[in-house]
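Here are my notes after a pass through the model, roughly in the order I'd click through it. Have the viewer open while you read.

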Amino acid sequence: MDKEIVARVAKASHIRLTEEELDRYCKDLGDILDYFAILDEAPNHDGNGINPVEIADVLRDDVPEEKFDSEELLRDMKTYENYIRGPKLV
Amino acid sequence: MSDADTLSKLSRINDKYQMFNDFCRDGELGDAKFLFSVKDNLTSAEYETCAGSRILEGYRPVFDATCIAKLKAEGGKLIGKANMDEFGFGTFSTNSGFGIPRNPFDLSRSCGGSSGGSACAAAVIDDHISLGVSTGGSICCPASFCGTYGIVPSYGRVSRYGLIDYGNSLDKIGILAMDPKQMTKYLPVIAGKDKEDPTSCVQPELKITHKKMKSVAVPREAVEGIAKDVLDAFNKALEDLRSMGIDVEYVDMPELKYAMPAYYILATSEASTNLARYVGMRYGQQEGDLTLGFDDYFTSFRTQYFGDEAKRRILLGTYTRMEGFRDRYYAKALQVRMVVIDAYKKVFADHDAVLTPTMPFVSPKFDDISRMTPVESYKADFLTVPPNLAGTPHLNCPCGYNADGMPIGMQFVTDHWNEDQLLTMAEEWDKQFEIRKAEVSL
Amino acid sequence: MKIGLEIHVQLPTKSKMFCSCPTTDAPAPNTHVCPTCLGMPGSRPVLNREVLVCGIKLAKMLGCTIADEIWFSRKTYFYPDMSKSVQITQYDHPIGTGGVVYLNGKPIRITRIHLEEDPGKTKRTGDMHALVDYNRSGIPLAEIVTEPDLSTPAEARAFLAQLIQDIKHTLDLENGERSIRCDCNISVGKERCEIKNVTGLKNVETALTYEMVRQIKVLKAGGKIERATMNFDESRGVTYGARKKEFEADYGYIDEPDLGIFHIKALADSITIKEAPAKMITRMADQYGIDQKMAKQLVSTSTDLAQFFETVSKQYGTENAIKWVAGPVTAHWKALESRNGGTDEVLAVIGKFASGEINDTECGIEIKCAMTGESAENAQESSAGLETLINEYLDANPKVIEDYGKGNVKAANSVIGYVKKNTGSQYSSSEVVETAKKLIESRL
């Protein structure tokens with residue numbers, strides 16, 4: 001397992017790894033992917049496998065409804081004048 | 001027993017087994033018809049909901065999961081949120097951010113996972129049912145280790161509205177109980193179409209007709225690499241089944257060996273997207289330095305509050321869906337799921353169920369678990385993963401105890417939507433099997 | 001130079017794409033929100049049928065092939081406005097692919113159209129941290145992606161203007177209260193730059209022009225254009241390098257398992273759309289042998305007017321349609337619309353002319369009466385008044401007649417200012433120009 005790839009994956013996942021952790025996860029992922037190699041031998045299938053049973057055409061009518069009290073939804077959030085606070089943008 | 005006595009007993013039981021994160025400490029049980037608990041990844045307005053993760057500490061959902069609302073409407077009282085591996089990531093409930101539940105038969109051993117707290121609650125609280133969630137074996141494994149029954153219905157049978165997602169195409173809510181009649185009673189209550197969860201809306205009605213099984217198939221692949229105590233109990237159970245008039249036949253299911261990698265790829269790919277929302281905003285942990293750039297801010301929360309296994313699965317899942325690797329892993333795993341489903345359907349053409357041991361060994365001691373590598377612990381799920389990948393309903397039946405008195409379970413798998421025969425099997429089995437209840441000395 | 005656009009159109013549904021929250025203006029930030037659009041654990045998306053209907057209509061309008069079966073994908077990226085850090089969008093199975101739109105006869109290929117959810121909105125506090133309003137989170141969007149077939153910033157603007165007209169017409173949007181945002185790709189040389197999130201026609205042209213000039217300068221100085229993502233600063237009219245965005249590879253698309261799949265063939269077959277204005281212009285120019293400009297004037301005044309042109313042409317010949325509908329009827333169309341009037345009476349007047357019952361002048365006056373509601377006397381008087389004014393102007397400015405004669409039709413426009421100065425807003429510009437043309441032609 002390429003350490004650079006694991007580092008890139010960690011960055012994309014927004015997880016910071018120490019050098020020791022990077023080595024450890026690198027080895028773990030390597031072992032796991034070795035174990036997954038058997039998948040290459042598995043037959044292909046032309047079916048659609050998003051779900052194990054076919055879930056099709058479940059739709060909702062376009063009817064607006066306010067089901068939740070927004071004050072309650074924001075109850076435990078950090079807010080300012082009803083805006084939700086977040087970190088710096090750039 | 002008065003409400004206060006019941007609750008104080010509950011509190012003492014929890015001190016000993018640590019099966020709950022949050023539970024009913026005081027107040028009244030009122031005229032509750034029955035008491036139930038749920039795995040802590042089901043949202044509840046009256047209790048904190050953390051899914052075993054410190055990143056969600058302090059989260060009080062504004063709504064009850066559909067399954068909880070349905071049990072309440074039936075007169076049930078929710079008394080506890082059961083401990084679990086963080087977001088369901090584990091086989092032994094040792095990956096929780098909030099302590100580890102203890103096996104009712106031996107406190108130095110695991111309850112199994114990831115619904116370990118639920119299995120423990122079902123085993124140690126009288127007349128109790130507990131809802132668990134299974135993604136890759138998280139109901140049957142702890143049911144087997146704690147000596148309870150456990151049913152996982154078909155994918156899409158029980159609404160997942162209010163379930164904190166692990167793998168959305170795999171997650172299934174089910175029931176753990178010592179008495180199989182309770183499962184037959186309450187599965188129809190929590191099942192059914194729910195317009196808040198599209199995947200629940202295609203199911204045929206769940207009808208309990210008490211249809212008995214006539215023949216079961218045992219895949220030869222499933223009895224390889226099984227510990228001797230488990231295999232002995234399993235073979236004894238096969239004899240008992242034959243004496244109940246059920247035909248037992250060995251079959252080949254070579255496709256089962258592909259289920260594990262396909263499962264872990266789909267589960268972690270989906271999980272890594274589900275967990276992307278936990279960034280220190282909106283819910284759970286939110287105390288951070290907002291003057292940090294958003295990438296650093298998000299990273300600091302995720303680095304600090306996700307546990308080791310959560311990080312491992314996020315990394316794995318992000319990798320397997322990344323451009324350049326997606327076709328080899330994620331896309332292939334979707335196809336392999338269909339291959340495994342086809343393999344099951346072929347067996348179901350001639351048999352009512354596929355039968356295997358549930359776990360390859362009895363519940364291990366915590367010391368042994370700490371020495372396992374990730375691959376070793378993933379491999380422990382090799383029998384529970386295939387039906388979970390296929391979304392087929394399955395059942396753990398306690399079928400024996402080893403020399404140390406540790407429970408052993410067997411797992412029945414039936415075709416999609418056929419929970420009827422599983423529930424009937426559990427009740428028939430229970431008539432002739434002497435189930436042992438763990439001794440709860442406080 | 002190659003320019004391609006990615007256009008995000010908010011779809012006019014009453015409720016959001018995956019939850020029932022209203023899409024109307026909210027009384028305050030974060031009031032049209034629920035667990036689903038806030039991305040709370042345990043919530044789930046349920047697809048709004050109307051989003052599919054709108055998507056199919058737009059796909060048809062763009063001449064795209066509509067898929068029989070579609071599903072959604074998850075695009076993962078981290079930003080405070082994206083409540084789930086995952087956007088539900090369409091990746092490998094979009095609702096429509098491979099369309100084409102004609103801009104003044106030039107084909108602009110449409111790569112694809114797909115459906116996705118809008119993120120929330122952010123703004124900055126004094127100390128630069130974010131304040132987020134998730135009212136917009138989950139509003140349905142269609143993203144239309146063109147091939148790089150546009151050649152200049154002005155053409156990109158014209159294309160966008162036409163597209164917006166067509167979209168409004170196809171989706172019955174009143175005054176375009178839904179916002180349209182654009183990502184603009186432009187390459188002067190080999191490598192392209194993308195300008196993110198530009199709002200408004202003028203801004204699209206300004207941003208592209210600035211970026212075009214920037215790239216030309218780099219190339220002339222012997223430099224190399226680096227592939228980059230740019231932002232556009234509206235107040236200064238300049239583009240600047242954006243913070244490096246995630247690579248496409250890091251989006252890690254997977255299928256969205258919570259929604260399942262959608263068989264949309266039957267739905268698509270059951271939906272017919274009104275002819276889009278741009279298509280109508282091309283067709284009318286072809287069918288009636290009129291020039292593109294006249295067709296465009298008719299259609300952009302109102303598609304009802306264009307349809308009236310077709311009615312008159314069918315009943316009384318194209319010559320009469322050109323003479324009357326493209327002339328005085330167009331001039332008075334706004335007046336008719338403001339009175340909510342119908343065209344039956346006008347049609348009857350043209351009928352009388354066609355049968356020889358009335359003459360040229362009478363027909364002009366009767367059309368005006370029928371459309372503005374003025375009395376015949378008034379109309380005659382004001383029309384005479386207008387003619388007098390214009391004649392005065394023409395007497396004093398013979399060059400106008402000369403220029404017009406040389407083919408500069410726009411010369412007639414100079415009359416407008418004079419008439420307006422003397423009469424205020426009594427006559428509409430189109431009426432003035434129409435009458436001026438008639439009088440100039442009579443003098444030539």
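1. Start at Gln87(C), which sits in strand S6 of chain C, residues 86-89. Keep in mind that this is a predicted model. Is Gln87(C) buried or exposed? Gln87(C) counts as buried because it has 20 C-beta neighbours inside 10 Å, and 20 is just what the cut-off for buried asks for.

2. Who are the partners of Gln87(C)? Skipping neighbours within four places in sequence, Gln87(C) is in contact with Lys75(C), Met82(C), Glu116(C), Glu117(C) and Pro119(C). If you want a longer hop along the chain, try Ser137(C): 50 residues from Gln87(C) in sequence, with 9.9 Å between the C-alpha atoms.

3. Staying in chain C, have a look at the open sheet. Nine strands are lined up as S3-S7-S8-S11-S1-S12-S13-S14-S15, and the pairing is mixed. Which strands stand at the edges? They are S3 (65-66) and S15 (238-241) of chain C; each has a single partner strand, so one side of each has no neighbour in the sheet.

4. Within that sheet, zoom in on S13 (residues 193-199) and S14 (residues 228-233) of chain C. These two run parallel and are joined by three bridges. For a concrete pair, pick Ile195(C), whose bridge partner in S14(C) is Met230(C).

5. Next, a helix pair in chain C: H8 (residues 318-331) and H15 (residues 429-443). Their axes are 7 Å apart and the packing angle is about 135 degrees. H8(C) and H15(C) are therefore oblique to each other, since 135 falls outside the ranges for roughly parallel, antiparallel and perpendicular.

6. What does the contact consist of? From H8(C) come Gly327(C), Pro328(C), Thr330(C) and Ala331(C), and they meet Ser430(C), Glu431(C) and Glu434(C) of H15(C). By class, the residues of this contact are two nonpolar, three polar and two charged.

7. Over to chain B as a whole. It has 14 helices and 13 strands. The radius of gyration is 20 Å, close to the 22 Å from the globule rule for 442 residues, so chain B is as compact as a globular protein of that length. Along the principal axes, the C-alpha atoms of chain B fill a box of roughly 70 × 60 × 45 Å.

8. Two more figures for chain B. Of its 442 residues, 63% are buried. Taking contacts between residues at least 6 apart in sequence, 75% join residues at least 24 apart.

9. For a buried spot in chain B, try Ile175(B) in strand S8, residues 172-177. Ile175(B) counts as buried because 32 C-beta neighbours lie inside 10 Å. Not counting residues up to four places away, Ile175(B) touches Ile129(B), Leu131(B), Ile151(B), Met183(B), Tyr186(B) and Leu187(B). Tyr186(B) is 11 residues from Ile175(B) in sequence and 8.1 Å away, C-alpha to C-alpha.

10. Now the interfaces. Between chains B and A, 55 residues of chain B are in contact with 44 of chain A. On the chain B side, the elements giving two or more residues are helices H7 (259-274), H8 (294-305), H9 (308-320), H10 (327-348) and H12 (374-379). H10(B) gives the most, with nine residues. That side of chain B has 31 nonpolar, 15 polar and nine charged residues.

11. Last, chain C against chain B: 27 residues of chain C are in contact with 38 of chain B. The chain C side breaks down into 13 nonpolar, eight polar and six charged residues.

Note on methods
Residues numbered from 1 in each chain as written. Chains lettered and ligands numbered in written order. Predicted model: local features only at pLDDT ≥ 70, side-chain atom pairs only at ≥ 80, totals over all residues. Helix = DSSP H or I, 4+ residues; strand = E, 2+ residues; numbered from the N terminus. Buried ≥ 20, exposed ≤ 12 C-beta atoms within 10 Å, placed from the backbone. Contact = placed C-beta atoms within 7 Å. Nonpolar A, V, L, I, M, F, W, Y, C, P; charged D, E, K, R; others polar. Axes fitted to C-alpha atoms, helices over the stretch in contact; angles between N-to-C directions. Parallel < 35°, antiparallel > 145°, perpendicular 65-115°, else oblique. Rg over C-alpha atoms; globule rule 2.2 N^0.38 Å. Pairing = 2+ DSSP bridges.
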